[in-house]
Amino acid sequence: MIKKFKDLNYYELLRIPYNASSFEIRQAYKHILAIYEENSLATYSLFVEDERKVILSKIEDAFLTLIDDKKRESYDNNLVSMGEVSDKMFTDKEQKKAIPIFQTNESRTSNNSLTRIKKKIQEKEAADFAATMLKRDQITGKDLKNLRESLGIELEEIFQATKISPTTLAAIEKDDMVNLPPKIYLISFLKSYAEALQIDPKQVVDGYIKNIP
Amino acid sequence: MRRIYSIGGGKGGSGKSFIAASLGILLAKQGKRVVLVDLDLGASNLHTLLGQKMPEKGLDEYIDKTVSRLEEVAVLTTIPNLYLLSSTRCSLEIANLFYAQKLKIINAIKNLPFDYILLDLGPGTNFNTLDFFLIAPEGLFVTTPEPTAIENTFIFMKSVYLRKLKLSLKEANMWHICQEEIAKLSRGALKSPLDLISILTARDPEKGRIFEDLLSNLEFRLILNKFRGQVKENLGEQLVEVCNRHVYPSFDFLGNISYDNRVYESIIARDIFIKKYPYTKTVSDLQSMIRNLTGEEQEVVQVRVQR
Ligand SMILES: Nc1ncnc2c1ncn2[C@@H]1O[C@H](COP(=O)(O)OP(=O)(O)OP(=O)(O)O)[C@@H](O)[C@H]1O
Ligand SMILES: [Mg+2]
């Protein structure tokens with residue numbers, strides 16, 4: 001049965017997967033706030049003041065809960081115990097738990113890989129590779145993966161640079177339609193991915209979107 | 001395969017007829033046989049957008065039985081493959097059709113022998129407009145970036161769903177159940193078709209499911225017309241997200257169509273905008289809208305000025 005807006009849980013409200021990274025949560029929060037904030041043209045005439053207040057405070061609660069690891073865990077447990085969500089949905093959470101390992105040296109590592117990417121992409125071979133790919137009308141996840149690998153960059157490094165969850169990154173590289181995030185996020189993720197590889201984000205976004213149905 | 005699209009949107013002057021005409025022209029240029037049906041009974045003006053004089057025959061001759069088959073009153077326009085089924089000669093009273101007449105027209109439209117049948121609707125949310133809109137399982141909603149247009153579009157969307165639900169419930173002899181429940185609610189409490197579905201589901205989950213599926217069969221798209229630079233680039237996507245959440249989850253965004261002064265000027269000069277100004281942003285927007293709509297990979301259509 002289709003859920004009514006007021007019955008959506010925090011994940012559904014923010015339209016993020018149950019294993020969303022904190023980056024994804026922040027992005028989603030910014031995105032939804034722009035839709036429901038006071039003078040947004042998209043919802044201008046749709047709600048009376050009180051209704052808007054209720055929605056905005058739910059959005060606020062959702063954000064503050066999910067961004068806080070402790071609060072999020074107890075919220076998640078609650079969802080499972082109410083039978084809202086099967087704990088299967090959270091199996092991917094291992095990934096989320098794995099994040100701290102990368103986070104320890106976060107800024108240093110990501111700076112390192114950034115400079116490394118910068119150097120690499122200036123080498124003729126890599127530059128040619130990137131140029132050929134960008135010339136194509138359609139760009140697949142495989143193209144992106146090939147470029148990344150030819151630059152000698154690990155998926156984790158992209159994750160560190162972009163904060164896009166490794167599951168989502170993998171889905172992008174596999175053209176895994178089922179697990180791709182909604183288009184609106186996908187576009188923003190592709191941009192960050194392209195920026196991390198220091199290639200033209202617009203061409204990557206356009207080419208990739210053309211490749212998915 | 002025959003495809004029928006209705007083009008509506010509630011607000012007057014949002015560009016429904018312009019979009020319908022442009023869509024028709026571009027599809028016809030691709031070699032598809034297209035008929036534009038002007039269903040703005042009592043105020044039809046589609047012929048003007050096609051640079052055409054008032055057609056000599058139309059829906060009226062079908063209603064008064066001068067002809068027996070509806071396609072006989074579809075006239076070829078100056079564009080090859082593009083036909084116009086006008087309703088200019090339908091008098092104002094015809095805007096209030098009898099139900100049986102309306103059903104007959106609806107059936108005839110559904111069976112018109114064309115590749116594409118495009119229905120241009122009038123503004124407002126009266127029953128005829130809603131019923132004509134619902135002829136097609138695929139509907140295009142045209143709005144502009146003004147708050148009033150957006151508001152009317154939301155109202156129109158909800159009215160379309162509620163009308164569909166009401167007619168189907170009546171057909172299933174179940175309307176009276178809902179009627180009682182709706183009466184119990186405070187005025188205006190019925191905010192979205194989902195409210196009605198949940199009333200039904202509370203009564204009978206099985207039936208609720210059936211009607212939910214029925215509404216899910218409708219496929220709607222949003223077009224943001226008269227788009228200008230100062231409007232937020234992602235307004236259309238935001239609107240679609242709002243529709244999916246607060247109206248019904250069946251909406252997609254087809255694209256922004258740029259505002260161009262020359263659209264108006266062309267109408268005044270009885271020129272066809274997309275023929276006269278084929279290399280404008282507005283025309284390339286219209287073309288990418290068609291690509292999004294038909295999902296086919298089509299080569300860019302060349303529209304030449306014909307003298
Ligand atoms: N993209 C556009 N750029 C500039 N002007 C436009 C555009 N689209 C439509 N118009 C203008 O807006 C006016 C209304 O257009 P149109 O008749 O197509 O609207 P409509 O929604 O069919 O109106 P009605 O509700 O009365 O049937 C026309 O004068 C037309 O020139
Ligand atoms: Mg019109």
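**Around ligand 1 and between two helices**

Guide: Welcome! In this predicted model, a polar backbone atom of B:Ser14 is 3.1 Å from an oxygen atom of ligand 1.

Visitor: What makes that pair with B:Ser14 a polar contact?

Guide: A polar contact needs N or O atoms within 3.5 Å. The B:Ser14 pair stands at 3.1 Å, so it counts.

Visitor: And how do you know that the side chains of B:Asp40 and B:Asn225 belong in the list of polar contacts?

Guide: By the cut-off of 3.5 Å again. An N or O atom in the B:Asp40 side chain is 3.4 Å from an oxygen atom of the ligand, and one in the B:Asn225 side chain is 3.0 Å from a nitrogen atom of ligand 1. Both values are within the limit, so both pairs count.

Visitor: How much of ligand 1 does the protein cover?

Guide: On its own, ligand 1 has 630 Å² of accessible area, and the protein covers 85% of that. Elements of chain B that give two or more residues to the shell are α1 (16-29), β7 (219-227) and α11 (261-268). By class, the shell holds six nonpolar, seven polar and four charged residues.

Visitor: Now to chain A. Why are α3(A) and α4(A) called roughly perpendicular?

Guide: Their packing angle is about 110 degrees, with the axes 6 Å apart. Angles of 65 to 115 degrees count as roughly perpendicular, so the pair earns that name.

Visitor: Which residues make the contact?

Guide: From α3(A) come A:Leu64, A:Thr65 and A:Leu66, and from α4(A) come A:Lys71, A:Arg72 and A:Tyr75. They divide into three nonpolar, one polar and two charged.

Definitions and conventions. Residues are numbered from 1 along each chain as its sequence is written. Chains are lettered from A and ligands numbered from 1 in the order in which they are written. This is a predicted model: local features need pLDDT of at least 70, side-chain atom pairs count only at pLDDT 80 or more; totals for chains, interfaces and linings use all residues. Side-chain values use heavy atoms; hydrogens and water are left out. A polar contact is a pair of N or O atoms within 3.5 Å; within protein, one must be able to donate a hydrogen and the other to accept it, and residues adjacent in sequence count only if both atoms are side-chain atoms. Accessible areas come from the Shrake-Rupley method with a 1.4 Å probe; for residues, only the protein chains shown count as cover. Helices (H or I, at least four residues) and strands (E, at least two) are DSSP runs, numbered from the N terminus. Ala, Val, Leu, Ile, Met, Phe, Trp, Tyr, Cys and Pro count as nonpolar, Asp, Glu, Lys and Arg as charged, and the others, Gly among them, as polar. Axes are lines fitted to C-alpha atoms, for helices over the stretch in contact, and angles run from 0 to 180 degrees between N-to-C directions. Angles under 35 degrees count as roughly parallel, over 145 as roughly antiparallel, 65 to 115 as roughly perpendicular and the rest as oblique. Contact means heavy atoms within 4.5 Å.
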